[in-house]
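Biologist: I would like a close look at one part of this model, with the surroundings explained afterwards so that I can place that part within the rest of the chain.

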Amino acid sequence: MNIAENVQQLQQELAPSECKLIAVSKTKPVSTLMDAYEAGVRDFGENKVQEMVEKYEQMPKDIRWHMIGHLQRNKVKNIAPFVHLIHSVDSIRLMEEINKQGAKHHRVISCLLQAHISEEESKFGFTDEEIFRLIRDETIQHLKYVQVVGLMGMASFTSDEAKVHKEFEHLKLLFDALKYNDDLPDQIRMEEVSMGMSGDYRIAIEEGSTMVRIGTSIFGERNYQK
Ligand SMILES: *Cc1c(COP(=O)(O)O)cnc(C)c1O
């Protein structure tokens, strides 16, 4: 695996649409992440709190850390001091906890609402109806240390490209509908739509992604047997 080469190739592919690259480094050691860092990567995505904290402590401080995995409320406190963006916000109770921890550290924490766009059962996220209900929920207006800056979604794991196109298109339409909604609370802005992984990022870019989360195509296959 030539990590620098992979990063350069991806950056070239993403440049015309100004889509940002999040290097998904879960399960990979710091030395491997440093190869990507030296190739210019400053945005890293992790899905486990403990692992992100350990890497944060060991790595340069100009890195932007993205939490992309399901986040338990009792672990928010560990990443609140430094996390750049939480992509996987899937409940108001989680937003309330992020607000509480943000207040403690005097940091407004940026978040994406995770939308459930695939037909797969196991994936977390809000339905469209839940998101439209959430933006009108008064609880949100009291969350001064939470700033929602967009949406995140994962398409079905399938070789049916038409289906993946449809699911990403759906997420982008939801994003646009919210963006042009005049009465969003101050806590919600629509700037980023995080969609696309190694297997489907080209489709996601065609559908208007602003952030792709890519692991395998940079670092190679993950080995979970540790
Ligand atoms: C692991 C992961 C990715 C990256 O997956 P690859 O197929 O390795 O690119 C992206 N998003 C989320 C939420 C993930 O958990």
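Biologist: Between which helix and which strand is the place of Glu18?

Modeller: This is a predicted model, and what follows should be read with that in mind. Glu18 has its place in the loop that runs between helix H1 (3-14) and strand E1 (20-24). Its phi is near 55°, which is a positive value in a residue other than glycine. Most residues other than glycine have a negative phi. Glu18 counts as exposed because its relative accessible area is 68%, and the cut-off for that word is over 50%.

Another loop residue can be described in a similar way. His106 lies in the loop between helix H5 (92-104) and strand E5 (109-115), and its phi, near 50°, is again a positive value in a residue other than glycine. With a relative accessible area of 68%, His106 is exposed.

A loop residue can also be buried, as Ser209 illustrates. Ser209 lies between helix H9 (201-206) and strand E8 (211-214), and its relative accessibility is 4%, so it counts as buried, the limit being under 20%. The side chain of Ser209 reaches the backbone oxygen of Met195 at 2.8 Å, and a polar atom of that side chain lies 3.0 Å from the backbone oxygen of Met211. If neighbours within four places in sequence are left aside, Ser209 is in contact with Cys19, Val193, Met195 and Ala204. Cys19, one of these contacts, follows directly on the Glu18 you asked about, which brings us back to the loop before strand E1.

From there we can turn to the ligand. The residues around it include Val24 and Lys26, together with Ile68, Met154, Met197, Ser198, Arg213, Ile214, Gly215, Thr216 and Arg222. Polar side chains come up to its oxygen atoms at several points: an N or O atom in the side chain of Lys26 is 2.7 Å from a ligand oxygen, an N or O atom in the side chain of Ser198 is 2.5 Å from a ligand oxygen, and a polar side-chain atom of Arg222 lies 2.8 Å from a ligand oxygen.

The next region to consider is helix H3 (residues 49-58), whose buried residues are Val49, Glu51, Met52, Val53 and Lys55. What covers these buried residues includes helix H2 (30-38), strand E2 (43-46), strand E3 (64-67) and helix H4 (76-79). Gln58 also belongs to helix H3, but its relative accessibility is 55%, so it counts as exposed. A polar atom of the Gln58 side chain lies 3.3 Å from the backbone oxygen of Glu54, while the C-alpha atoms of Gln58 and Val30 are separated by 7.7 Å, although the two residues are 28 residues apart along the chain.

Aromatic rings come next, and a search of the whole structure finds 2 aromatic pairs. In one of them, the rings of Tyr56 and Phe82 have their centres 3.8 Å apart and their planes at 10°, so this pair is stacked. It links distant parts of the chain, since Tyr56 is in helix H3 and Phe82 is in the loop between H4 and strand E4 (85-89), 26 residues apart. Tyr56 is partly exposed, with a relative accessible area of 25%, whereas Phe82 is buried, with a relative accessible area of 11%. The charged end of Lys61 also sits over the ring of Tyr56, 4.7 Å from its centre. Elsewhere, Arg42 lies over the face of Tyr37, at 3.5 Å from the ring centre.

Finally, there is the nonpolar interior. In soluble globular proteins, nonpolar side chains tend to be buried together. Here the largest nonpolar core has 66 residues, and those with the most contacts inside it are Phe44, Ile79 and Ile86. Helix H8 (residues 161-179) supplies the largest share of this core, 6 residues. A second, separate core of 6 residues includes Leu85, Leu112, Val149 and Met152. Not counting residues up to four places away in sequence, Ile86 touches Met67, Leu71, Ile79, Ile98, Ile109, Ser110, Cys111 and Leu112.

Notes: Residues are numbered from 1 along each chain as its sequence is written. This is a predicted model: local features need pLDDT of at least 70, side-chain atom pairs count only at pLDDT 80 or more; totals for chains, interfaces and linings use all residues. Side-chain values use heavy atoms; hydrogens and water are left out. A nonpolar core is a set of buried Ala, Val, Leu, Ile, Met, Phe, Trp, Tyr and Cys residues joined through side-chain atoms within 4.5 Å. Buried means under 20% relative accessible area, exposed over 50%, partly exposed in between (1.4 Å probe, protein chains only). Helices (H or I, at least four residues) and strands (E, at least two) are DSSP runs, numbered from the N terminus. Contact means heavy atoms within 4.5 Å. Rings of Phe, Tyr and Trp (its six-membered ring) pair if their centres lie within 6.5 Å; planes under 30 degrees apart count as stacked, over 60 as edge-to-face and the rest as tilted. A charge sits over a ring if NZ of Lys or CZ of Arg is within 6 Å of the ring centre and within 35 degrees of the ring normal. A residue is near a molecule or strand if one of its heavy atoms lies within 4 Å of it. A polar contact is a pair of N or O atoms within 3.5 Å; within protein, one must be able to donate a hydrogen and the other to accept it, and residues adjacent in sequence count only if both atoms are side-chain atoms.
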